[in-house]
Amino acid sequence: MNNTLPGLRLLRPPTVIGQFHTLFFGSVRMFFLGVLGFAVYGNEALHFSCDPDRREVNLFCYNQFRPITPQVFWALQLVTVLVPGAVFHLYAACKNIDQEEILEGPIYTVFYIISVLLRIILEIIAFWLQSHLFGFQVHSLYPCDASALEKAFNVTKCMVPEHFEKTIFLSAMYTFTVITILLCVAEIFEILFRRLGYLNNQ
């Protein structure tokens, strides 16, 4: 039983802010995406209609409107941002490093800060990609260039279902990204302050 306790402790970040970030990241953000995201975006393709309302036009324009579905993008974002922390904790588990040793050992502290910096970079990249893929507002009408499908169509207008709800959800996901970045920055400061406190006590 005692052999398993250190492994369990390694699953928790060594900082208070890091633990809050894990709780925020793991519960609120994933719940919001998994439950509300499906409710808002689940049947979007079925209700996306263009003029003329033909199946091939609707599919062509929807693929143009959504190069990647928001749920897939945000799921990839969550998994990608988790990778640096997961790699560090795997390294710590292999080296049998305690939580306190992460902050007491200079090399371990640097490695942990690098993992947090990587999370910040990945969140910034995701924010930039999201702004280019989805923008900051979902409009009720989408002008689709369907000339490649049939020249007679040229530019056709498509109705976007629940555009207001999608705008709210989009704003919430931007907010989550910003909060995560701020928590990561705050965690770096906490690490530095605790590291300085450890050095002063020596």
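Student: Which residue in E3 does aspartate 145 stand opposite?

Tutor: Valine 155 is the E3 residue standing opposite aspartate 145. Keep in mind that we're looking at a predicted model. The two strands, E2 and E3 (residues 155–159), run antiparallel to each other and pair over five bridges.

Student: OK, and how do I read the side chains along a strand like E2?

Tutor: The general idea first: in a regular strand, side chains alternate between the two faces of the sheet. Now the case here: Tyr142 and Cys144 in E2 point to one face and are buried. Leu141, Pro143 and Asp145 point to the other face and are not buried.

Student: Now the core. Which residues touch the most other members of the largest nonpolar core?

Tutor: Again, the general idea: in soluble globular proteins, nonpolar side chains tend to be buried together. Here the largest nonpolar core has 30 residues, and Phe48, Cys61 and Trp74 touch the most other members. At least two core residues come from each of helix H2 (16–41), helix H4 (55–65), helix H5 (70–95), strand E2 (141–145) and helix H8 (163–201). H8 is the top contributor, giving seven residues to this core.

Student: What is tryptophan 74 in contact with, leaving aside its neighbours within four places in sequence?

Tutor: With those neighbours set aside, tryptophan 74 contacts Leu33, Tyr41, Gln130, Phe169, Leu170 and Met173. There's also another core lying apart from the largest one. That other core has 13 residues, including Ala92, Ile102, Ile120 and Ile188.

Student: Let's do pockets. What is the volume of the second largest pocket?

Tutor: The general trick is that rolling a probe the size of a water molecule over the atoms shows where empty space is left. In this model, the second largest pocket comes out at about 190 Å³. Helix H7 (106–134) and E2 are the elements that give two or more residues to its lining, and E2 has the largest share, with three residues. Among the lining residues are Phe65, Arg66, Phe134, Gln137, His139 and Val160. Leu141, Tyr142 and Pro143 line this pocket as well.

Student: How many residues of that lining are nonpolar, polar or charged?

Tutor: The lining of the second largest pocket splits into eight nonpolar, three polar and one charged.

Student: One last thing: which backbone angle should I look at for glutamate 162?

Tutor: Look at phi, which is positive, about 45 degrees, although glutamate 162 is not a glycine. Glutamate 162 sits in the loop between E3 and H8.

Student: Is glutamate 162 buried, exposed or partly exposed?

Tutor: Partly exposed: the relative accessible area of glutamate 162 is 42%.

Methods. Residues are numbered from 1 along each chain as its sequence is written. This is a predicted model: local features need pLDDT of at least 70, side-chain atom pairs count only at pLDDT 80 or more; totals for chains, interfaces and linings use all residues. Side-chain values use heavy atoms; hydrogens and water are left out. A nonpolar core is a set of buried Ala, Val, Leu, Ile, Met, Phe, Trp, Tyr and Cys residues joined through side-chain atoms within 4.5 Å. Buried means under 20% relative accessible area, exposed over 50%, partly exposed in between (1.4 Å probe, protein chains only). Helices (H or I, at least four residues) and strands (E, at least two) are DSSP runs, numbered from the N terminus. Contact means heavy atoms within 4.5 Å. Two strands pair if DSSP finds at least two bridges between them. On a 1 Å grid over the protein atoms alone, a cavity is a set of points where a 1.4 Å probe fits but cannot get out, and a pocket is an open set with protein on both sides within 12 Å along at least five of seven lines; lining residues have an atom within 4 Å of a point. Grid points are joined across faces, edges and corners, and a volume is the space filled by probe spheres set on the points. Ala, Val, Leu, Ile, Met, Phe, Trp, Tyr, Cys and Pro count as nonpolar, Asp, Glu, Lys and Arg as charged, and the others, Gly among them, as polar.
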